[in-house]
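Colleague: I would like us to take a close look at a single part of this model, namely the surroundings of the ligand. Please take your time over it.

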Amino acid sequence: MRLDYLTIFPDYLDALRLSLPGKAVEKGLLELHVHDLRSWTHDRHRTVDDTPYGGGAGMVLKPEPFGEALDELAVDGATVVVPTPAGRPFTQPLARELATRERLVFLCGRYEGIDERIIDRCVDEEISIGDYVLSGGELGAMVLLDAVTRLIPGVLGHADSAVEDSFSAGWLDCPHYTRPEEFDGQRVPEVLLSGNHERIRRWRLKQSLGRTWQRRPELLEDLELSKEQQQLLAEYIREQETDNH
Ligand code: 6GU
């Protein structure tokens, strides 16, 4: 997979070379190209923004630098993405969809945004990472990249790690424990020490469903639970109610 970033803060994206995406680059699974948008300006001040037509606060990123950059980078066939709070919500299914693309190009906006004519002519996806406002698209783009690259085959060490995460099945991940068996008077749940794989599987599934019910009940509405899943969730809810009385 090849990723291109157009940004006025190329240094910001150096952090991508750390951690998982950096390892994917080292392994040759990922090509990262960070471009300074100002390289495609022609005036002395390397101007990338201007005041908005119609007036109002803030500045708008001019279309020409993006237009020239996209021409030069030959983005035909690539998926061009703009991270923006006005975009479509980013979810695990969308991450999986983006992970199938051969090339993603991220246009990072600052200020009030990017001239809409670039969005109309060149952009395939506008994506939001949540209902809050960031000061620029760089952080959003980095979030998208992290979520997408960890799904590329070979990037994660353990083949199953991505399968069992929160949201992979549509519900939240279960709690995890490691040594020691007792920490600060708190014991690891006995079932995890039992060596009984079937009991452990059922306990984990029940915790996942129970947590989802408690924390994100709206996620359950979109799911068709199997008989076993319904039973485990009902048990969880019953236990919860006995605990509370
Ligand atoms: Cl992707 N970008 C910006 N600038 N703000 C956001 C966002 C993205 N997602 C939520 N808020």
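Which element gives the most to the shell around the ligand, and with how many residues?

Modeller: Bearing in mind that this is a predicted model, the element that gives the most to the shell around the ligand is E5, with 3 residues. The residues around the ligand are, in sequence order, Pro83, Thr84 and Pro85, then Ile127, Ser128, Ile129 and Gly130, and further along Tyr132, Leu134, Gly136, Gly137 and Gly140. By residue class, this shell divides into 6 nonpolar and 6 polar residues, with no charged residue, where glycine is counted among the polar ones.

As for polar atoms, a backbone N or O atom of Tyr132 is placed 2.5 Å from a nitrogen atom of the ligand, while for Ile129 a backbone N or O atom lies 2.9 Å from a ligand nitrogen. A polar backbone atom of Leu134, in turn, is 3.2 Å from a nitrogen atom of the ligand. Taken on its own, the ligand has 290 Å² of accessible area, and the protein covers 97% of it. The elements that contribute two or more residues to the shell are strand E5 (79-89), strand E7 (125-128) and helix H5 (137-149).

Helix H5 also leads away from the ligand to another element, since the buried residues of H1 pack against H5. In helix H1, which spans residues 19-26, the buried residues are Leu20, Pro21, Gly22 and Ala24, and after H1 comes Gly28, with a positive phi near 80 degrees.

Key: Residues numbered from 1 in each chain as written. Predicted model: local features only at pLDDT ≥ 70, side-chain atom pairs only at ≥ 80, totals over all residues. Heavy atoms only, no water. Near = heavy atom within 4 Å. Polar contact = N/O pair within 3.5 Å; in protein donor to acceptor, adjacent residues only side chain to side chain. Areas by Shrake-Rupley, 256 points an atom, 1.4 Å probe, with all protein chains shown as cover. Helix = DSSP H or I, 4+ residues; strand = E, 2+ residues; numbered from the N terminus. Buried < 20%, exposed > 50% of the residue type's maximum accessible area, 1.4 Å probe, protein only. Contact = heavy atoms within 4.5 Å.
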